[in-house]
Amino acid sequence: MIMKKTILVAFMALSGFYGIAQSDSGFGVKGGLNYNANGDYFESAGDAAKNPDRNVGYHVGVFGKFGASKVYVRPELVYTKTKSDYDGADFDMSKLDVPVLLGINLVGPLHVFAGPSFQYILDTEFDGITIDDVENDFSVGMNIGAGVNLGKLGIDLRYERGFSENEISFINTNVTTLGPSRIDTRPDQLILSLSLAL
């Protein structure tokens, strides 16, 4: 008898939690721009004012949202194309990002969020040369940001930073006396996204 009551209470608790979790759930699509920084952000921002398209990339993807009215979990699957400038040469990277964000609805449409972001590098290119020698194709970083939801439409601004260095090594074919050059592919960017709940 005690076992039946325990199972019944557990079932009711799980059912209630499931109902709460589904009250503000859904999925949608998102896209936007990302600004990749090298070194100090203020210095990079000054350079960007002179050349507005410098270090600007884009992203497109899908997201899910699960939670109650106050707290939610938002996993995303995003294709990201980044662009960086290293001493006048372009470094382009394509990757798949999977952020798993924990968010809190603050006041009205305003919410804040943070969580890990898992990335898988698909392709890298430095000054027109495709580079395959990435130290780790898979890495982990952190997203933190804030946004507003206006009905089905949402906009958010977040900062992404990789936890560990992830370098690409390549040989400069113009100067054979030097050793291999290295580029750190660790994410360090501001991301502006527009989302639409479906």
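**Figure 1. Two buried partners, K95 and D97, pair up in a salt bridge.** In this predicted model, the closest N and O atoms of K95 and D97 sit 3.0 Å apart. Are these two residues buried or exposed? D97 has a relative accessible area of 5%, and K95 comes in at 1%. Anything under 20% counts as buried, so D97 is buried and K95 is buried as well. As a bit of background, side chains of opposite charge can pair when their charged atoms come close. If you go hunting through the whole structure, you'll find 7 salt bridges.

**Figure 2. K30 and E76 link two strands.** Here the side chains of K30 and E76 meet in a salt bridge, with 3.1 Å from N to O. Where along the chain do K30 and E76 come from? K30 belongs to strand β1 and E76 to strand β3, so this pair ties together parts that are 46 residues apart in sequence. Just like the pair in the previous view, both are tucked away: K30 is buried, and E76 is too.

**Figure 3. R158 and D156 form a salt bridge that belongs to a network.** The closest N and O atoms of R158 and D156 are 3.4 Å apart. Both of these residues are buried. Which residues end up in one network through shared salt-bridge partners? They are K30, R74, E76, D156 and R158. That list brings back K30 and E76, the salt-bridge pair from Figure 2.

**Figure 4. A single cavity shows up in the structure.** Count the cavities of 30 Å³ or more and you get 1. The volume of this largest cavity is about 100 Å³. It is lined by 15 residues, and those closest to its centre are V78, T80, D97, R158 and I191. You've met two of these names already: D97 is the partner of K95, and R158 is the partner of D156. Which elements give two or more residues to the lining? They are β1 (26-36), β3 (71-86), β4 (89-105), β8 (153-162) and β11 (188-197). By type, the lining of the cavity splits into 3 nonpolar, 7 polar and 5 charged residues.

**Figure 5. Five residues make up the largest nonpolar core.** Zoom in on A89, F91, M93, I121 and F126 and you're looking at the whole of this core. Two elements, β4 and β5 (110-126), each give two or more residues to this core. Which of them gives the most? That's β4, with 3 residues. In soluble globular proteins, nonpolar side chains tend to be buried together.

**Figure 6. T82 sits buried in strand β3.** T82 is part of strand β3, and its relative accessibility of 3% is under the 20% cut-off, so T82 counts as buried. What does T82 touch, once residues up to four places away in sequence are left out? Its contacts are N34, N36, F91, D92, M93, K95 and Q189. Some of these are familiar: F91 and M93 belong to the largest nonpolar core, while K95 is in a salt bridge with D97.

**Figure 7. V71, also in strand β3, is partly exposed.** The relative accessibility of V71 is 42%. Leaving out residues up to four places away in sequence, V71 touches L102 and G103. How far apart in space are V71 and N105? Their C-alpha atoms are 6.3 Å apart, although 34 residues separate them in sequence.

**Figure 8. F27 is an exposed residue of strand β1.** With a relative accessible area of 53%, F27 is over the 50% cut-off, so F27 counts as exposed. Not counting residues up to four places away in sequence, F27 touches F63, G64, A197 and L198. The C-alpha atoms of F27 and K65 are separated by 5.9 Å, with the two residues 38 apart along the chain.

**Figure 9. Zooming out, the chain has 2 helices and 11 strands.** Follow the sequence and the pattern reads α-β-α-β-β-β-β-β-β-β-β-β-β. Of the 198 residues in the chain, 35% are buried. What share of contacts between residues at least 6 apart in sequence joins residues at least 24 apart? The share is 62%.

How values were computed. Residues are numbered from 1 along each chain as its sequence is written. This is a predicted model: local features need pLDDT of at least 70, side-chain atom pairs count only at pLDDT 80 or more; totals for chains, interfaces and linings use all residues. Side-chain values use heavy atoms; hydrogens and water are left out. On a 1 Å grid over the protein atoms alone, a cavity is a set of points where a 1.4 Å probe fits but cannot get out, and a pocket is an open set with protein on both sides within 12 Å along at least five of seven lines; lining residues have an atom within 4 Å of a point. Grid points are joined across faces, edges and corners, and a volume is the space filled by probe spheres set on the points. Helices (H or I, at least four residues) and strands (E, at least two) are DSSP runs, numbered from the N terminus. Ala, Val, Leu, Ile, Met, Phe, Trp, Tyr, Cys and Pro count as nonpolar, Asp, Glu, Lys and Arg as charged, and the others, Gly among them, as polar. A nonpolar core is a set of buried Ala, Val, Leu, Ile, Met, Phe, Trp, Tyr and Cys residues joined through side-chain atoms within 4.5 Å. Buried means under 20% relative accessible area, exposed over 50%, partly exposed in between (1.4 Å probe, protein chains only). A salt bridge is a side-chain nitrogen of Lys or Arg within 4 Å of a carboxyl oxygen of Asp or Glu. Contact means heavy atoms within 4.5 Å.
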